[in-house]
Amino acid sequence: MSNGRRINLALLISAQGAIMDSSAKHVLPDEEGFWECDHYEPVEDPPQVIEFMGAKVGVQICSDANRPTAAQLLAAQGAHVILAPRATSISSWKRWRLAYRAMALTASAWVVSVCRPRPEFGVEMGGPSLVVDPMGEVVLETTDRIATVVLDRRAVEDARQSYPGYLAWPAKAYVTGWENILRNQQK
């Protein structure tokens, strides 16, 4: 709960078990097996990058990852890694995989995702854990319970020097565009 609101929250926890930071979900699905709109409220605060274990880290919970705007905002804040925990059906895995590859490429950041391993409420959860490098290449895809990958910060720097990483973020244009959409929605 946050200010009396129920939100979907991911926690970043240190090796010592201390809560270092948290990130709340922005986009809530409303479909069979995923009735999150019935249980949670979306947050409106923009996602933030935090320093965690020597890296700049951002979080996008599940369906947030299917909205690239947040990943681009995290990248503009200097994120090296975007953590993307999810609870998704096995049948949708190919679409998620593509979304994560695109996220890594356009954000020039590592993307790391894990899924809940077992069925829940009649929905066949699952699909592999995934690590995508900052050039959009899958470096790990596994259903093993434990897997490790070394995330090299030089890969982020290299991606941000090549296409599309070196391109400027036209933040003012995006802000103006989103403000116009918001204004039109409020009419």
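Isoleucine 13 has its place in strand 1, and in this predicted model the residue counts as partly exposed because its relative accessibility is 44%, a value that falls between the limits of 20% for buried and 50% for exposed residues. Together with Leu9, Leu11 and Ile19, Ile13 forms a nonpolar patch on the surface, and the accessible area of these four residues together is about 370 Å². Strand 1, which runs over residues 9-13, contributes the largest share of this patch, namely three residues. In the segment before strand 1 lies arginine 6, which likewise counts as partly exposed, since its relative accessibility is 42%. Although arginine 6 and valine 43 are separated by 37 residues in sequence, their C-alpha atoms are 9.9 Å apart in space.

Two pockets were examined in the model. Rolling a probe the size of a water molecule over the atoms shows where empty space is left. The largest pocket holds about 1,000 Å³ of space. Its lining consists of 22 residues, and those closest to the centre of the pocket are Pro46, Thr69, Ala70, Leu73 and Trp178. Two elements, helix 1 (68-76) and helix 4 (171-185), give two or more residues to this lining, and helix 4 provides the largest share, with eight residues. When the lining of the largest pocket is divided by residue character, 13 residues are nonpolar, five are polar and four are charged.

The second largest pocket contains about 680 Å³ of space and is lined by 30 residues, among which Val81, Leu83, Val112, Val149 and Leu151 lie nearest its centre. At least two residues of this lining are supplied by each of strand 1, strand 6 (55-59), strand 7 (81-83), strand 8 (110-113) and strand 9 (129-132). Strand 1, which also gives the largest share of the nonpolar patch, makes the greatest contribution to the lining of the second largest pocket, with four residues. The residues that line the second largest pocket comprise 23 nonpolar, four polar and three charged ones.

Four salt bridges are present in the structure. In one of them, the side chains of arginine 97 and glutamate 141 meet at 2.7 Å, taken from N to O. Arginine 97 belongs to helix 2 (residues 93-107) and glutamate 141 to strand 10 (residues 138-142), so this pair ties together parts of the chain that are 44 residues apart in sequence. Both partners can be placed in the intermediate class of accessibility: arginine 97 counts as partly exposed because its relative accessibility is 26%, and glutamate 141 counts as partly exposed because its value is 35%.

Another salt bridge joins the side chains of arginine 101 and glutamate 137, with a distance of 3.7 Å from N to O. This pair, too, links distant parts of the chain, as arginine 101 lies in helix 2 and glutamate 137 in the loop between strand 9 and strand 10, 36 residues apart. Arginine 101 has a relative accessible area of 29% and is therefore partly exposed, while glutamate 137, with a relative accessible area of 43%, is also partly exposed. A further salt bridge is formed by aspartate 152 and arginine 154, whose closest N and O atoms are 2.9 Å apart. Here aspartate 152 counts as partly exposed because its relative accessibility is 29%, whereas arginine 154 is exposed, since its relative accessible area is 55%.

The backbone was considered last. Most residues other than glycine have a negative phi, and most peptide bonds are trans. Against this background, tyrosine 163 and proline 164 are joined by a cis peptide bond, for which omega is about 0°, and proline 164 is located in the loop between helix 3 (153-161) and helix 4. Cysteine 62, although not a glycine, has a positive phi of about 45°. The loop between strand 6 and helix 1 contains cysteine 62, which is buried because its relative accessible area is 6%, a value under the limit of 20%. A positive phi of about 50° is found at serine 108, which is not a glycine either. Serine 108 lies in the loop between helix 2 and strand 8 and, with a relative accessible area of 2%, is therefore buried.

Terms used
Residues numbered from 1 in each chain as written. Predicted model: local features only at pLDDT ≥ 70, side-chain atom pairs only at ≥ 80, totals over all residues. Heavy atoms only, no water. Patch = residues over 30% accessible without salt bridge, like charges linked within 9 Å, V, L, I, M, F, W, Y side chains within 5 Å. Areas by Shrake-Rupley, 256 points an atom, 1.4 Å probe, with all protein chains shown as cover. Buried < 20%, exposed > 50% of the residue type's maximum accessible area, 1.4 Å probe, protein only. 1 Å grid on protein atoms, 1.4 Å probe; cavity = no way out; pocket = protein on both sides within 12 Å on 5 of 7 lines; lining within 4 Å. Points joined across faces, edges and corners; volume = space filled by probe spheres on them. Nonpolar A, V, L, I, M, F, W, Y, C, P; charged D, E, K, R; others polar.
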